[in-house]
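Here is a friendly walk through one structure, with an eye on how its parts fit together. Have a look at the model first, then read on.

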2 protein chains.
Amino acid sequence: MSTPRLNSNDAPAAACPLPNSRYEEITLGHGGGGKLTADLIQRLFLPAFGNDVLNALEDQAVVRLNAGPEATSPRVAFTTDSFVVRPLFFPGGDIGRLAVFGTVNDLAMGGARPLFLSAAFILEEGLPIDDLRRIAASMRAACDEAGVTLVSGDTKVVDRGKGDQVFITTSGLGVVPEGRSLSIRAARPGDRVVVSGTIGDHGVAVMSVREGIEFETVLESDCAPLTDLVRVMLDACPSVRALRDPTRGGLASAVNELAEASRVGVKLDEGSIPVRREVRGACELLGLDPLYVANEGKLIAVVPPEDVARLLDAMRAHPLGRDAAVVGRVVHEHAGMVTMTSRVGGERIVSLLSGEQLPRIC
Amino acid sequence: MSTPRLNSNDAPAAACPLPNSRYEEITLGHGGGGKLTADLIQRLFLPAFGNDVLNALEDQAVVRLNAGPEATSPRVAFTTDSFVVRPLFFPGGDIGRLAVFGTVNDLAMGGARPLFLSAAFILEEGLPIDDLRRIAASMRAACDEAGVTLVSGDTKVVDRGKGDQVFITTSGLGVVPEGRSLSIRAARPGDRVVVSGTIGDHGVAVMSVREGIEFETVLESDCAPLTDLVRVMLDACPSVRALRDPTRGGLASAVNELAEASRVGVKLDEGSIPVRREVRGACELLGLDPLYVANEGKLIAVVPPEDVARLLDAMRAHPLGRDAAVVGRVVHEHAGMVTMTSRVGGERIVSLLSGEQLPRIC
């Protein structure tokens, strides 16, 4: 049933004869959250499935479920994510915690109150049952911490060598209060870009374990539910225009998505971006740029300039926002593009990565 | 980070010293929809996540999303399923069609009108992009056929040899009309068990391709959305008590789940179970029992005896119910157990399979 491996895009097949061309086969980069991921979405998934909700490319879909005149549906936020992190257990978290908080956070980024989760497990033959038990216990604890209930599940098993221990797909349902409207298309020139804390912690924690690198202090993933931080932020500052959690692809990719969706430019200021000393050191050792390293308990917020001080005060009073900082501003110029002023004053373009910096990080 | 591979159940570790004991590691059987799957759910997932909705073990969770006094939520059905079928393309369908209809059907079994889907893809490095494009196109066509909209998605990529081309997890949202209540716990002695058509078509179609067996006629998967059939059935016969789609584990497993959940016995009549001649022949060749072979476009219904004729008439008038037949009845005796009267008159127990008959069938 195999199909010819020819490029079916506009170019004639003869123009693309390489058997391993990135245009013909899936590469790790297609899962990295950078250019290739965007490419796959724009060229393959949107043409196939395109509709207004999906095209918005928010972290969550917001829909109404109207059953008839007798019931008025609230606005329902709905999202899904697969988790394929390797190793399964790492300092500060595990695949189960990640799978719960990742989906909870995608709901929270739309201003939704997360309520219900589903979890589908793809298990590889030979997985120790005790590992699965440990993951399930961790997911339950994470659900309790985030205030959500797991109400639906599925388990499939694939033969040894056709999976990698366990993959988990969680989907989430939440409710968006009437009148609330957050969107990555809403940034306007003059707005400030705020990050809730130090960046790169999750990716570096996972990579350190994977590469067997030891540091003086244990680097821990920042894996956390952002629901309560978001609640505090929106209570203090209802004018927040957009929220996004900079997971795979890191801060750089999240800000690029924002610039692209809002058709604005963003200028980042390198000196104000909070990065732990140990994370910076580990990144140098591993050849990584912290701007592109995944976070699992951080968010970026876009807010009008007159409200940024109030927002920062509220964030810094919350345990998950202690290190919140203004890291950039939205500009008219270079719409769709992100630039960064370096510590020494130069300005450079911060683009989406075209390849894969950190495979299997979430 | 590995954990000791000891059985953490009540028995002391020394009592279970076998390194490959089925109690210590995941086996293919844990994904087969039989005894081991039930075991994993009862012993691991329910103790970890147990709540009233999950414990009900319906094909879908039904929840209310109340956002406050300004909005009254309809009853929302929510379900998730992963699809790992091998090969990706088979006569009558492909993994994408299966992933859409599988989730749509799980919603329909609760009497819900399916509305929205999410899809999360786990791709293996090296997957031909044209295969993915073909799958996406097929999913879109399936969504249109079933009247649902795909509103949320995710893509992850795993390294070559750590996945198997593509796994898809779909989740679905639907609305259950007020007053409708279908449940596998609702069967009562005297009720009739109806099946909507021939059984085993999907599993045999997939296995034939996988094993390279050719028949005079091509055996096709029955893969189809059951929403419209359910609508017709419930319109004609609102007294239907329970619906279930007999996917992996087949008719035998679905009826066992019903008997267990409703605490009733079920007596099947072998002679009335519709099986295509070709499927029966293929099963003999492949050493399979059609009772346990997966279906992807069939359902079983439980209905009070006085309404069964009306239900059958309605079903037989629908293209997906033409071969509908009464295949058994619910009894007081042997609660939780299913028996079958054979063509020659003997009666035997039809239990859940303890192993795996057909791995990776959906």
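To compare the copies, they are superposed by least squares on the C-alpha atoms of residues with pLDDT of at least 70 in both. Please keep in mind that this is a predicted model.

## How the two chains relate

A turn of 180 degrees, with a shift of 0.0 Å along the axis, lays chain A on chain B with an RMSD of 0.0 Å. That is the relation of a two-fold axis. If you would like to find this axis on screen, go to A:G163: of the residues of chain A, A:G163 comes closest to the rotation axis, with its C-alpha at 2.1 Å.

Which surface do the copies use to meet? They meet through the same surface, because 99% of the interface residues of chain A are also interface residues in chain B.

## The nonpolar cores

In soluble globular proteins, nonpolar side chains tend to be buried together. Here, the largest nonpolar core holds 79 residues, and those that touch the most other members are A:F121, A:L123, A:L132, A:M139, A:V166 and A:L291. Helix α4 (residues 129–146) of chain A gives the largest share of this core, 8 residues. At least three residues come from each of domain 1 (76–176) and domain 2 (192–349) of chain A.

A:L132 is a good place to zoom in: leaving aside residues up to four places away in sequence, A:L132 touches A:F121, A:L123 and A:L127, along with B:I26, B:L40, B:L44 and B:F45. There is also a second, separate core of 78 residues, with A:L54, B:I184, B:L268 and B:V350 among them.

## Cysteines

How many disulfides does the structure hold? Over all chains, the number is 0. The sulfur of A:C143 has its closest cysteine sulfur in A:C223, and at 12 Å that is too far for a bond. A:C223 is in no disulfide either, as the nearest cysteine sulfur, in A:C362, is 11 Å away.

Are these two cysteines buried or exposed? A:C143 counts as buried at 3% relative accessibility, and A:C223 counts as buried at 5%.

## Backbone details

Most residues other than glycine have a negative phi, and most peptide bonds are trans. A cis peptide bond joins A:R86 and A:P87, with omega about 0 degrees; A:P87 sits in the loop between β2 (75–83) and β3 (89–90) of chain A. In chain B, B:R86 and B:P87 are joined by a cis peptide bond with omega about -5 degrees.

B:Q165 is not a glycine, yet has a positive phi of about 70 degrees. B:Q165 lies in the loop between β6 (149–158) and β7 (166–176) of chain B and counts as partly exposed, at 32% relative accessibility. B:R360, also not a glycine, has a positive phi of about 55 degrees, but B:R360 is buried, with a relative accessible area of 4%.

Technical notes. Residues numbered from 1 in each chain as written. Chains lettered and ligands numbered in written order. Predicted model: local features only at pLDDT ≥ 70, side-chain atom pairs only at ≥ 80, totals over all residues. Heavy atoms only, no water. Contact = heavy atoms within 4.5 Å. Core = buried A, V, L, I, M, F, W, Y, C linked by side-chain atoms within 4.5 Å. Buried < 20%, exposed > 50% of the residue type's maximum accessible area, 1.4 Å probe, protein only. Helix = DSSP H or I, 4+ residues; strand = E, 2+ residues; numbered from the N terminus. Domains from an automatic or database assignment. Disulfide = S-S within 2.5 Å.
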